[in-house]
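Good morning, and thank you for making room on the agenda. Please take a moment with the sequence and the structure before I go through them.

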Amino acid sequence: MAENAAVEIRDDREHGNLVAYEGGESAGTIAYFVVDPAPGALVAVHTVVRPEHEGKGIAGALVREFYAMAAREGVAVVPLCPYAAKWAERHPDEAPEASAELVQEAKRQLRNHPELF
């Protein structure tokens, strides 16, 4: 599915959400957290697109922007979200693989802080 150019994506770092807006309303979200300590990584935990916005490429646009955001910040992405992981497999040129150690640390932090999910 082609990604929707009319979607605006905004990072709400304080609440751990990357949000896509279409027509002024929230259409989809990636819930994420930042691995601590620095330099850390961005960890995609869950991707959700509202049913009325499905099939428009919003989830793909969110994940693409999530990886781009991480690249701008100079950090890796750990895609614990199944959708983000599948997207990364299909777009290896845009989605560098995180180290096994970083993936394990992200999983440990998620286990220790279930409120992040």
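How much space lies in the largest pocket? The figure is about 190 Å³, and I should say at once that it comes from a predicted model. The lining of this pocket comprises 13 residues, and those closest to its centre are P79, A88, E97, A98 and V103. Two elements each give two or more residues to that lining, namely strand 5 and helix 2, which covers residues 82-90. Sorted by class, eleven of the lining residues are nonpolar and two are charged, while none is polar.

Let me now place the pocket in the context of the whole chain. The chain contains three helices and five strands, and their sequence order is β-β-β-β-α-β-α-α. Its C-alpha trace extends over about 40 × 30 × 25 Å along the principal axes. For 117 residues, a compact globule would have a radius of gyration near 13 Å, and the value of 14 Å for this chain agrees with that.

I turn next to the sheet. Its five strands form an open arrangement in the order 1-2-3-4-5, and the pairing is mixed. Strand 1, at 8-12, and strand 5, at 76-79, each have a single partner strand, so one side of each is left without a neighbour in the sheet. On average, and with direction ignored, neighbouring strands are turned by 30 degrees against each other. Helix 1, residues 58-73, packs on this sheet and touches strand 1, strand 2, strand 3, strand 4 and strand 5. The direction of helix 1 makes about 165 degrees with that of strand 4, which spans 41-49.

The N-terminal part of the sheet deserves a closer reading. Strand 1 pairs with strand 2, residues 17-22, in the antiparallel sense, over five bridges. Within that pairing, D12 stands opposite N17, and R10 has V19 as its bridge partner. These two strands form a hairpin with four residues between them, and in its turn G16 has a positive phi of about 70 degrees.

Which residue takes a positive phi in the hairpin of strand 2 and strand 3? There, with two residues between the strands, G23 has a phi near 60 degrees. Strand 2 and strand 3 are also antiparallel, joined over six bridges, and Y21 has S26 in strand 3 as its bridge partner.

With the sheet and its hairpins described, I would be glad to return to the pocket in discussion.

How values were computed: Residues are numbered from 1 along each chain as its sequence is written. This is a predicted model: local features need pLDDT of at least 70, side-chain atom pairs count only at pLDDT 80 or more; totals for chains, interfaces and linings use all residues. Side-chain values use heavy atoms; hydrogens and water are left out. Two strands pair if DSSP finds at least two bridges between them. Axes are lines fitted to C-alpha atoms, for helices over the stretch in contact, and angles run from 0 to 180 degrees between N-to-C directions. Contact means heavy atoms within 4.5 Å. On a 1 Å grid over the protein atoms alone, a cavity is a set of points where a 1.4 Å probe fits but cannot get out, and a pocket is an open set with protein on both sides within 12 Å along at least five of seven lines; lining residues have an atom within 4 Å of a point. Grid points are joined across faces, edges and corners, and a volume is the space filled by probe spheres set on the points. Ala, Val, Leu, Ile, Met, Phe, Trp, Tyr, Cys and Pro count as nonpolar, Asp, Glu, Lys and Arg as charged, and the others, Gly among them, as polar. The radius of gyration is taken over C-alpha atoms; the globule rule is 2.2 Å times the number of residues to the power 0.38.
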